[in-house]
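Colleague: I have just opened this entry. Please walk me through how to read it.

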Amino acid sequence: MSEAKAIKELENVVIVGSGPAGYTAAIYTARADLEPLCVEGFQWGGLLQLTTDVENYPGYPDGVQGPQMMSDFRRQAERFGTRFISEDATAIELSRDPSVPHVVRVGEREIRARAVIVATGAEPRKLGVPGEEEFAARGVSYCATCDAAFFRGQETIVVGGGDTAMEDATFLAKFASKVTIVHRRNEFRASAIMVDRARSIENIEFLTPYVVERFEGDAKLERAVLRNTADGSERVLAVDGAFVAIGHRPRSELVADQLALDDHGYVLVEGRSTRTGLPGVFACGDLIDPVYRQAVTAAGSGCMAALDCEAYLREHAPELAAAKAATS
C-alpha cells in the first residue's frame, strides 16, 4: 500500500482506522475538499480482510470477497484525494481546546490535526484454542448474521451463553439442520426470555457444561473436540460450522482515558450523532456500536462522522469554507 504523499503542518482531518467506517469517512471528507489523511493501519481494511464471501452488502448482487470490497472502498477514497499511512497509530492526544490541534502519533511522526475521526473498530473475542485461527472463514465464524446462509442444511455449534449466543443460534436455526449451543456452565448469562426462545426451536440443542478444546479438519472444519468442565471427559462433535459468540472488544485503547466509554469500552457519542464531546473529535463504526456490527451500518456511521466533521470545520475553520466557495 502506498505511503501518504505528504503530511501537512496542520491537517484538516485525520481518520484513524479503516474498514467500511474509516474508508467511507475518507470518501466523504475527500469529496468535501477536506484532503483527509487516513492512518489505516498495517491490517488495512479491518475485519473484512479476514472475511471470504460477503453477500449482504448492497451493490454486490453476486457477492464479493471481503478483501476485494475493502480494496474497492480504498480505491474510491484514493480517487478523491485521500492520502494513506499504512501503519498503526501508536498514540492519540486529543485537545479540549478548539484552538489547540489534536495530535496523532505514528511511530516517531507527529501529525497535528484540526479534527480527528476515530474508526478503529472492534474485534470478536476468541476462544484461543487450537484450530481456531486455522479454520477462520473455513468453518469458524464470529458473525451469524453474516455467515449463517453459508451453512444451509448443515450441522453447527454456537459457543457462548449470553444473549448474543442465543440470538445467533435462533438466527442460525433458520438455515442449519442442527444448532448445538455449547456453554461452559449449566446456567446462562442470557436473559430467560432469550433462553426460552432458543429452547422452543426444534433444531436447537443445548450441551453443557462443555468448553471447546480444539477444532479439527482437513481443508475445512469437520470436528469440534469438547471437554466436560465437571468431569474432564472429552466429546467429539461432527460439525460443519462453529460460531463463536462470546462478545466483542472495542479497539478504544488509544482514546480510553480521553473519551467517555460505556462499561464495555465502546466510545459514547452524543445522541444520534458521531460527536464525542471533545471539539473536533468524532467516532464511528463498530467502535461505537455494540448492537449491529455490520459492514453497512459501519459505512453509514462513517458517512455521519464525515458530515459531522465537515460541519465542525465550517464553523471552526472558516478559511476552509471560504476557499471552497472561491473554487465552486
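Modeller: Let's start with a term: strands (E, at least two residues) and helices (H or I, at least four) are DSSP runs, numbered from the N terminus. This is a predicted model, where local features need pLDDT of at least 70, side-chain atom pairs count only at pLDDT 80 or more, and totals for chains, interfaces and linings use all residues. Residues are numbered from 1 along each chain as its sequence is written, and side-chain values use heavy atoms, without hydrogens and water.

Colleague: How many disulfides does a search of the whole structure find?

Modeller: A disulfide is a covalent bond between the sulfur atoms of two cysteines; here the cut-off is a pair of sulfur atoms within 2.5 Å. The search finds one: Cys 143 joins Cys 146, with 2.2 Å between their sulfur atoms. The link is right-handed, with 70° about the S-S bond.

Colleague: Are these two cysteines buried or exposed?

Modeller: Buried means under 20% relative accessible area, exposed over 50%, partly exposed in between (1.4 Å probe, protein chains only). Cys 143 is buried at 18%, while Cys 146 is partly exposed at 30%.

Colleague: Why is there no bond from Cys 38 to Cys 284?

Modeller: The closest cysteine sulfur to that of Cys 38 belongs to Cys 284, and at 10 Å it is too far for a bond. Cys 38 is also buried, with 0% relative accessibility. Cys 309 is in no disulfide either, its nearest cysteine sulfur, in Cys 284, being 10 Å away. Cys 309 is buried too, at 0%.
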